Amino acid sequence: MRSLLLAAVLSFPALAHAGDIAVTEARVALAPPGARTLAAYMVVANAGAAPRALAGVRAEGFAMAHLHHSMEKDGVAMMAAMDQIEIAPGGSVAFAPGGLHVMLMGPRKALAVGNEVVLTLIFADGAEIAVTAPVERIDAGS
Ligand SMILES: [Cu+2]
């Protein structure tokens with residue numbers, strides 16, 4: 001039974017599940033050498049009956065991680081920090097290029113495709129979910 005469980009977990013390295021919250025498609029965008037910030041993306045789904053709020057993120061191997069939202073104002077691309085991101089009951093929130101992202105700041109080492117970053121999502125109710133995000137080449141426009 002124990003090995004069966006382990007096999008199931010290993011088959012889905014980018015999927016994390018805790019209670020009513022499931023995190024899928026977690027990934028970190030490859031950045032040019034020397035970059036001081038990287039972006040992580042994912043989909044967070046709430047299968048519960050109550051709204052949940054994502055309140056923060058920790059990232060292994062980085063000095064800091066913040067929830068950010070990209071937007072365009074007067075033709076200028078900008079980013080704003082988000083205190084909380086609410087996920088409606090039965091709903092999901094997609095972090096994707098050009099919109100919501102986890103801003104990873106101050107990498108302790110250069111990351112290459114195939115490396116993995118452990119992200120810990122912190123919810124307003126104190127729940128924490130760890131997810132493993134592989135580093136991938138991601139087109140900004142996709
Ligand atoms: Cu950002």
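**Notebook: strand β9, a copper site and two salt bridges**

I began with the strands and found that β3 (residues 37–46) pairs with β9 in the antiparallel sense, over four bridges. A reminder to myself before going on: this is a predicted model.

**Entry 1, around β9.** I looked up one contact of that pairing and noted that Thr37 has Met105 in β9 as its bridge partner. Next I turned to strand β5 (residues 62–73), which runs antiparallel to β9 and is joined to it by seven bridges. Here I marked His68, which stands opposite His101 in β9. I then checked how covered β9 (residues 100–107) is, and eight of its eight residues turn out to be buried.

**Entry 2, the copper ion.** Which residues coordinate the copper ion? I listed His68 through ND1, Met79 through SD, His101 through NE2 and Met103 through SD, at 2.1 to 2.2 Å. Happily, His68 and His101 are the pair I had just marked as standing opposite each other. Along the chain, I read the donor spacing as H-x10-M-x21-H-x1-M. I also looked at the accessibility of two of these ligands: both His101 and Met103 are buried.

What geometry does the site of the copper ion have? I found it tetrahedral, with angles of 93 to 120 degrees among the four donor atoms. The site earns that label because all angles for four donors have to lie between 85 and 135 degrees. For reference, I jotted down that the ideal angle for four tetrahedral donors is 109.5 degrees.

**Entry 3, salt bridges.** How many salt bridges does a search of the whole structure find? I got two.

In one, the side chains of Asp125 and Arg52 meet, with N to O at 3.0 Å. This pair links distant parts of the chain, 73 residues apart: Asp125 sits in the loop between β10 (116–123) and β11 (128–136), and Arg52 in strand β4 (residues 52–59). I compared their surroundings too: Asp125 counts as exposed because its relative accessibility is 53%, whereas Arg52, at 16%, counts as buried.

In another, Arg58 is joined to Glu128, and the closest N and O atoms are 2.9 Å apart. Again distant parts of the chain are linked, with Arg58 in strand β4 and Glu128 in strand β11, 70 residues apart. Are these two residues buried or partly exposed? I noted Arg58 as partly exposed, with a relative accessible area of 43%, and Glu128 as partly exposed, also with 43%.

Notes. Residues are numbered from 1 along each chain as its sequence is written. This is a predicted model: local features need pLDDT of at least 70, side-chain atom pairs count only at pLDDT 80 or more; totals for chains, interfaces and linings use all residues. Side-chain values use heavy atoms; hydrogens and water are left out. Donors are N, O and S atoms within 2.8 Å of the metal (3.2 Å for Na, K and Ca); water is not among the atoms, so sites may look incomplete. Four donors count as tetrahedral if all angles lie between 85 and 135 degrees; four count as square planar and six as octahedral if opposite donors are over 155 degrees apart and all others between 65 and 115; anything else is irregular. Buried means under 20% relative accessible area, exposed over 50%, partly exposed in between (1.4 Å probe, protein chains only). Two strands pair if DSSP finds at least two bridges between them. A salt bridge is a side-chain nitrogen of Lys or Arg within 4 Å of a carboxyl oxygen of Asp or Glu.
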